[in-house]
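Have your viewer ready and follow along, one selection at a time. We will visit some helices and look at what they pack against.

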Amino acid sequence: MATHDIVTIGASAGGIETLRRLLSMLPADLPAAIMVVQHLHPHTPSSLDQILARAGTLPVQFAQDHQRIEPGHVYLAPPDNHLLVEPARLRVVRGPRENRHRPAVDPLFRSAAWAYGPRVVGIVLSGTLDDGASGLWAVRSCGGTTIVQDPADALHAEMPTSALMTLNVDHCLPLGEIAVLLPKLARQEVNGRRPVTPPEALGLEVAVATREHDTDVEDMRKLGKPAGFTCPTCKGSLWELNEGELSVFRCHIGHAFAPDSLQAAQAEEVEVALESALRALEEQGAAARRLGDRLDEKVPALAARYDAQAAGLEDQAAVIRKLLRRGIKLHD
């Protein structure tokens with residue numbers, strides 16, 4: 001009897017406390033495996049497994065590549081690696097960043113949906129930006145159950161809100177009610193769920209996340225259409241994929257962005273470009289000032305020209321410095 005026994009959870013800002021609370025409310029005999037992506041710093045050792053293990057009765061561990069999936073266990077995505085699901089086993093891979101993150105929520109949700117279809121429960125919890133919205137679309141498209149934490153109940157409402165804005169989810173609940181629902185779903189037969197045919201492109205997207213498939217132009221045409229702008233990560237061309245009401249942007253390397261994440265990445269690019277321009281203008285202005293000072297007595301006319309040039313460069317630098325002080329809206 002197939003039940004909803006593959007639970008995938010995504011969280012970002014505020015996620016650690018939220019996950020602690022959720023696991024503290026789940027029973028020790030939960031007949032489902034839980035896979036979790038919490039956005040982590042890629043270069044800092046994490047004790048998330050110990051923190052969450054102390055929160056409840058379910059065993060918690062960082063997932064290992066090719067590890068068998070066991071019910072009643074919680075598997076975490078390790079830092080700087082995506083966590084993917086294959087039939088009966090997990091994959092831990094250093095695939096392309098998605099939504100500026102590795103691990104990212106969307107690859108986990110997509111791979112679980114592709115492998116287990118209606119047995120999957122996808123849950124988006126507290127976080128910023130919009131990682132998880134595309135993955136929830138994949139879960140729903142493959143017949144799985146979609147759950148979003150009520151934004152009013154979340155420590156950070158952006159991730160839940162983004163999912164709700166782009167997808168008709170099965171459940172939008174506060175955390176306590178999610179904890180009550182999960183054991184019921186884990187014992188509930190999937191018979192009667194809506195019949196679905198997985199989207200043709202979903203398998204290709206899952207393969208891209210493993211870096212085991214080299215995408216070419218023909219592959220990208222299967223996924224979407226040229227977007228007309230470049231990937232903020234690798235500067236390659238972006239292609240636009242339509243997933244229900246949501247647009248996702250992906251390059252042939254595999255970097256992917258939901259709309260808010262793309263805007264944040266482009267804002268970072270703008271800030272870097274402005275800082276580079278500021279440095280160049282300040283250096284050029286300083287060089288012109290130095291030349292003017294050296295020639296002030298020997299060639300006054302030439303010195304005046306250099307001084308005028310320096311003043312113009314300093315004015316331009318001041319404009320850029322003002323823009324940087326005002327700030328470009330960035331997200332964690």
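Start by selecting H3 and helix H4 (residues 133–141) in this predicted model. Their axes lie 7 Å apart at an angle of about 10 degrees; with angles under 35 degrees counted as roughly parallel, H3 and H4 are therefore roughly parallel to each other. Now show the side chains where they touch: H3 brings Asp106, Phe109, Arg110 and Ala113, while H4 offers Ala133, Ser134, Gly135, Leu136, Ala138 and Val139. Colour this H3–H4 contact by class and you will find six nonpolar, two polar and two charged residues.

Keep H3 (residues 105–116) on screen and add helix H7 (residues 202–209). How do the axes of these two helices cross? They come within 9 Å and cross at roughly 130 degrees, which makes H3 oblique to H7. The crossing of H3 past H7 is left-handed. On the H3 side, pick Pro107, Arg110, Ser111 and Trp114; they meet Leu202, Gly203, Glu205, Val206 and Ala209 of H7. Sorted by class, the residues of the H3–H7 contact are five nonpolar, two polar and two charged.

For the last stop, select helix H6 (residues 175–186). At 1.5 Å a residue, its 12 residues should span 16 Å, and the end C-alpha atoms are 17 Å apart, so the two values agree. Which H6 residues are buried? Highlight Leu175, Ile178, Ala179, Leu181, Leu182, Pro183, Leu185 and Ala186 to see them. Then bring in their cover, which includes helix H1 (15–24) along with strands E1 (6–11), E7 (120–124), E8 (145–149) and E9 (171–173).

Terms used:
Residues numbered from 1 in each chain as written. Predicted model: local features only at pLDDT ≥ 70, side-chain atom pairs only at ≥ 80, totals over all residues. Heavy atoms only, no water. Helix = DSSP H or I, 4+ residues; strand = E, 2+ residues; numbered from the N terminus. Expected span 1.5 Å × (residues − 1). Buried < 20%, exposed > 50% of the residue type's maximum accessible area, 1.4 Å probe, protein only. Contact = heavy atoms within 4.5 Å. Axes fitted to C-alpha atoms, helices over the stretch in contact; angles between N-to-C directions. Parallel < 35°, antiparallel > 145°, perpendicular 65-115°, else oblique. Left-handed = near helix turned anticlockwise from the far one by under 90°. Nonpolar A, V, L, I, M, F, W, Y, C, P; charged D, E, K, R; others polar.
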